[in-house]
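User: Could you take a close look at one part of this model for me, the nonpolar patch on the surface? I would like to know what forms it and how its surroundings are built.

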Amino acid sequence: MNVVTKIGAAACGVAAAIAGVGAPAGAHGGGHPSHANNANHNSHVGHGGHGQTGGTASGAASIDGRSSVAVVRLGQLNDSGAHGVAVVRLRGTRVSLHLVVSGVLRNAPHAMHFHAGAAGRCPTRAADVNSDGVVSVTEGHPFYGGVVTSLTTSGDTSPSSALAIDRFPTAPRGTIVYHRQLTVTADVAASIRARNAVLVVHGTDGNNSGTYDGALVSDLDPNLPMEATAPAACGAILPFLTL
């Protein structure tokens with residue numbers, strides 16, 4: 001079983017772990033990640049459909065109808081070499097996202113999410129509290145929070161799809177080009193407007209082997225290598241205009 005297959009097999013169990021730490025109230029959507037019907041997910045990159053997050057919990061934030069725009073500068077984490085830029089346009093709870101990230105591992109799936117509910121910023125090397133040389137997903141949670149929106153190429157965008165690996169881009173040339181319009185919850189929209197949301201791209205190749213491997217195991221699932229889930233690029237979503 002190759003690494004990509006292992007990630008898919010582990011997705012249901014790991015999604016709860018990746019989404020559950022630090023996620024704000026109301027961020028957890030219902031439903032289950034869809035895998036089997038999205039094998040040709042790369043064809044959706046750049047042609048994004050309408051994703052839906054799960055419903056908010058009782059007492060969730062009311063919908064703010066204002067429009068906000070943010071330009072997100074994505075810097076590398078874990079010496080990944082990944083870097084890029086994203087434009088996030090928010091109107092009410094509708095988000096239009098344009099993203100380009102270069103320097104990521106080719107021909108490998110890269111999970112991407114909005115995180116929120118913590119400090120609203122990206123971790124530094126100092127976040128590697130166990131000194132294993134990698135800032136893991138869990139070590140990053142105090143900085144960027146839990147998954148609140150999964151930036152899939154099609155279908156569900158709730159935290160339940162945090163590792164719906166067949167619906168994330170694979171960067172055949174080492175560059176992710178992504179455009180999608182989606183609906184987020186009122187809580188997620190409020191986090192973006194409050195400058196508390198962070199965009200994180202996962203998947204590194206620390207040993208330059210051309211695949212996800214290595215001696216370290218993922219903090220989310222011991223059956224996966226750390227490289228498969230480690231954060232590769234990160235940028236705070238800081239709206240500069242709200243009308």
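Analyst: Seven residues form this nonpolar surface patch: Val-71, Val-85, Val-100, Val-177, Phe-240, Leu-241 and Leu-243. Together they have about 630 Å² of accessible area. Please keep in mind that the model is predicted.

Let's take Val-100 as a way in. Val-100 sits in strand β4. Is Val-100 buried or exposed? With a relative accessibility of 36%, Val-100 counts as partly exposed, because the buried class ends at 20% and the exposed class begins over 50%. Val-100 is also one of the residues in contact with Ile-176.

Ile-176 leads us from the patch to the interior, as Ile-176 is among the residues with the most contacts inside the largest nonpolar core. That core has 31 residues, and Val-95, Leu-97, Leu-99, Phe-114, Leu-199 and Ile-237 are also on the list of those with the most contacts inside it. At least two core residues come from each of β2 (67-76), β3 (83-91), β4 (94-102), β5 (112-116), β7 (175-183), α3 (186-193), β8 (198-202) and β9 (231-236). Strand β4, the home of Val-100, gives the most to this core, with four residues. Beyond its neighbours within four places in sequence, Ile-176 touches Leu-99, Val-101, Val-104, His-110, Met-112, Pro-169, Ala-171 and Val-201 as well as Val-100.

The patch also includes Phe-240, Leu-241 and Leu-243, so a look at this stretch of the chain is useful too, and Arg-195 gives a good view of it. Arg-195 lies in the loop between α3 and β8 and is partly exposed, at 42% relative accessible area. Setting aside its neighbours within four places in sequence, Arg-195 is in contact with Gly-120, Ile-237, Leu-238 and Pro-239. A polar atom of the Arg-195 side chain lies 2.8 Å from the backbone oxygen of Pro-239. Arg-195 and Ile-237 are 42 residues apart along the chain, yet their C-alpha atoms are separated by 6.1 Å. Ile-237 brings us back to the core, being listed there among the residues with the most contacts.

For the wider setting, the chain has four helices and ten strands, and 52% of its 243 residues count as buried. Among contacts with a separation of 6 or more, 75% are between residues 24 or more positions apart. The chain exposes about 10100 Å², with carbon and sulfur atoms supplying 54% of that area.

Notes
Residues are numbered from 1 along each chain as its sequence is written. This is a predicted model: local features need pLDDT of at least 70, side-chain atom pairs count only at pLDDT 80 or more; totals for chains, interfaces and linings use all residues. Side-chain values use heavy atoms; hydrogens and water are left out. Buried means under 20% relative accessible area, exposed over 50%, partly exposed in between (1.4 Å probe, protein chains only). Contact means heavy atoms within 4.5 Å. Accessible areas come from the Shrake-Rupley method with a 1.4 Å probe; for residues, only the protein chains shown count as cover. A nonpolar core is a set of buried Ala, Val, Leu, Ile, Met, Phe, Trp, Tyr and Cys residues joined through side-chain atoms within 4.5 Å. Patches are made of residues with over 30% relative accessible area and no salt bridge: like charges are joined within 9 Å, nonpolar side chains (Val, Leu, Ile, Met, Phe, Trp, Tyr) within 5 Å. A salt bridge is a side-chain nitrogen of Lys or Arg within 4 Å of a carboxyl oxygen of Asp or Glu. A polar contact is a pair of N or O atoms within 3.5 Å; within protein, one must be able to donate a hydrogen and the other to accept it, and residues adjacent in sequence count only if both atoms are side-chain atoms.
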